[in-house]
2 protein chains.
Amino acid sequence: MTFQERNLDATDWQILAELQADGRLSYNQLGKRVNLSPPAVADRVRRLEESGVIAGYRAEVDPARAGQPLSAFVQMRCTTGRCLLKTTRSEDFPEVLEIHKLSGNSCTMLRVRVASMLHLEGLFERLGEHGELNTHVVLSTEFEGRPVQPPASDARPVTRSAGWS
Amino acid sequence: MTFQERNLDATDWQILAELQADGRLSYNQLGKRVNLSPPAVADRVRRLEESGVIAGYRAEVDPARAGQPLSAFVQMRCTTGRCLLKTTRSEDFPEVLEIHKLSGNSCTMLRVRVASMLHLEGLFERLGEHGELNTHVVLSTEFEGRPVQPPASDARPVTRSAGWS
DNA sequence: CCTGAAATCGTCGTTGC
DNA sequence: GCAACGACGATTTCAGG
């Protein structure tokens, strides 16, 4: 699929907001909230799906209530030739929920989720084989999963005079 | 709601796996995949919802295709009395997708998402008012949103002899 | 937990603006 | 090109065993 960025109007963003809040809204209810007929919203939603803006629909599982209350961030500075991304497959580390390549000193940023401190310790030991770790245990999460929102209309974030400050 | 951790059997985990992959599965299709009748799976799903294991159903929006291709992690070391958590409301920073309180040196870990480098620069300047920043721009994301999976049956991650190594 | 029937919803083709 | 109307098919839900 070619990567074309669709032009989203206000109605599209309204639809995205509703479906990010409740992915199981019927086209009937969704149509009422955005002031469109059910077939009209169905058409728009289908276009959003086909263009990839809507990547899918997921049930959100509360990890704590599913028996995995501990999470952490792990910055990795991979040993040359032993980078986690190249020497292992994702199935070897089911506790790793996300892997991001970073700029800067750290090679990658990992997000992990485990059942207990014992699991976390064991995971850190296994990850340590692949490089230098910098771990941050999450004490609590203020919020996450905030919906993607339309960019601010005043697109210019700061006004500065030319030259160095 | 009291925080009771439900006992999930193999069928529950199977249901959770399917609904995390596709949150819009009908009870008909879901029943076929887990070998249950539609009313039976509907009952199980309803119990999972009411117990909070299933926190909700969300449409997953691809931020890049929605015009916000840049993301970053921000570790904050809040200035005393100016902690971001206490002096601002979340609406003041719509670019912040997640806020986690951390152990260790950093006060909090933020996950941010913006439309351009100019936005990112402006956001960093605004966040800088609240404490010391340590920013990590994401170059690419290997994967994220991996589903919550059942804990491994061999719950003991490592075997070690007593005493210091 | 499975089988049947009624109500609701999604889908499709058509028409009108 | 987009939105509203109407009929068919599927799904959800409730009753009973």
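Select chain A and chain B together: in this predicted model, the two chains bury about 7,100 Å² between them, and 54% of that area is on carbon and sulfur atoms. In chain A, the residues that lose the most area to chain B are A:Arg24, A:Arg58 and A:Arg65, which together make up 12% of what that side buries. Counted by contacts, 76 residues of chain A meet 76 residues of chain B.

Stay at this interface and pick out A:Arg58 again, this time with B:Glu60. Their side chains form a salt bridge, with N and O 2.4 Å apart. The interface of chain A and chain B has 2 salt bridges. There are also 40 residue pairs in polar contact across it, counting pairs with both residues at pLDDT 80 or more.

Now colour the side of chain A that touches chain B by element. The elements that give two or more residues to this side include helix H1 (10-21), strand S1 (54-61), strand S2 (70-78) and helix H5 (117-128) of chain A. By class, this side has 38 nonpolar, 19 polar and 19 charged residues.

Next, show S3(A) and strand S5 (residues 131-143) of chain B. The two strands run antiparallel and are joined by 4 bridges. Within S5(B), B:Ser140 stands opposite A:Lys101.

Move on to DNA strand C. The residues around this strand are A:Ser26, A:Tyr27, A:Asn28, B:Ser37, B:Pro39, B:Ala40 and B:Arg44. Where strand C comes within 4 Å of the protein, 82% of its atoms belong to sugar or phosphate, and the rest to bases. Three distances to phosphate oxygens of DNA strand C can be checked in the viewer:

- 3.2 Å from a backbone N or O atom of A:Tyr27
- 3.0 Å from a side-chain N or O atom of B:Ser37
- 3.1 Å from a polar side-chain atom of B:Arg44

Helix H2 (27-34) of chain A and helix H3 (38-50) of chain B each give two or more residues to this surface. H3(B) provides the largest share, 3 residues. The surface near strand C has 3 nonpolar, 3 polar and 1 charged residues.

Finish with DNA strand D. Among the residues around this strand are A:Leu36, A:Ser37, B:Tyr27 and B:Asn28. A phosphate oxygen of strand D lies 2.7 Å from a side-chain N or O atom of A:Ser37, and one lies 3.0 Å from a backbone N or O atom of B:Tyr27. For the side chain of B:Asn28, the distance from an N or O atom to a phosphate oxygen is 3.3 Å. Here the contributing elements are helix H3 (38-50) of chain A and helix H2 (27-34) of chain B, each with two or more residues. This surface has 5 nonpolar, 3 polar and no charged residues.

Key. Residues numbered from 1 in each chain as written. Chains lettered and ligands numbered in written order. Predicted model: local features only at pLDDT ≥ 70, side-chain atom pairs only at ≥ 80, totals over all residues. Heavy atoms only, no water. Near = heavy atom within 4 Å. Polar contact = N/O pair within 3.5 Å; in protein donor to acceptor, adjacent residues only side chain to side chain. Nonpolar A, V, L, I, M, F, W, Y, C, P; charged D, E, K, R; others polar. Contact = heavy atoms within 4.5 Å. Buried area = accessible area lost by both parts, 1.4 Å probe. Salt bridge = Lys/Arg side-chain N within 4 Å of Asp/Glu carboxyl O. Pairing = 2+ DSSP bridges.
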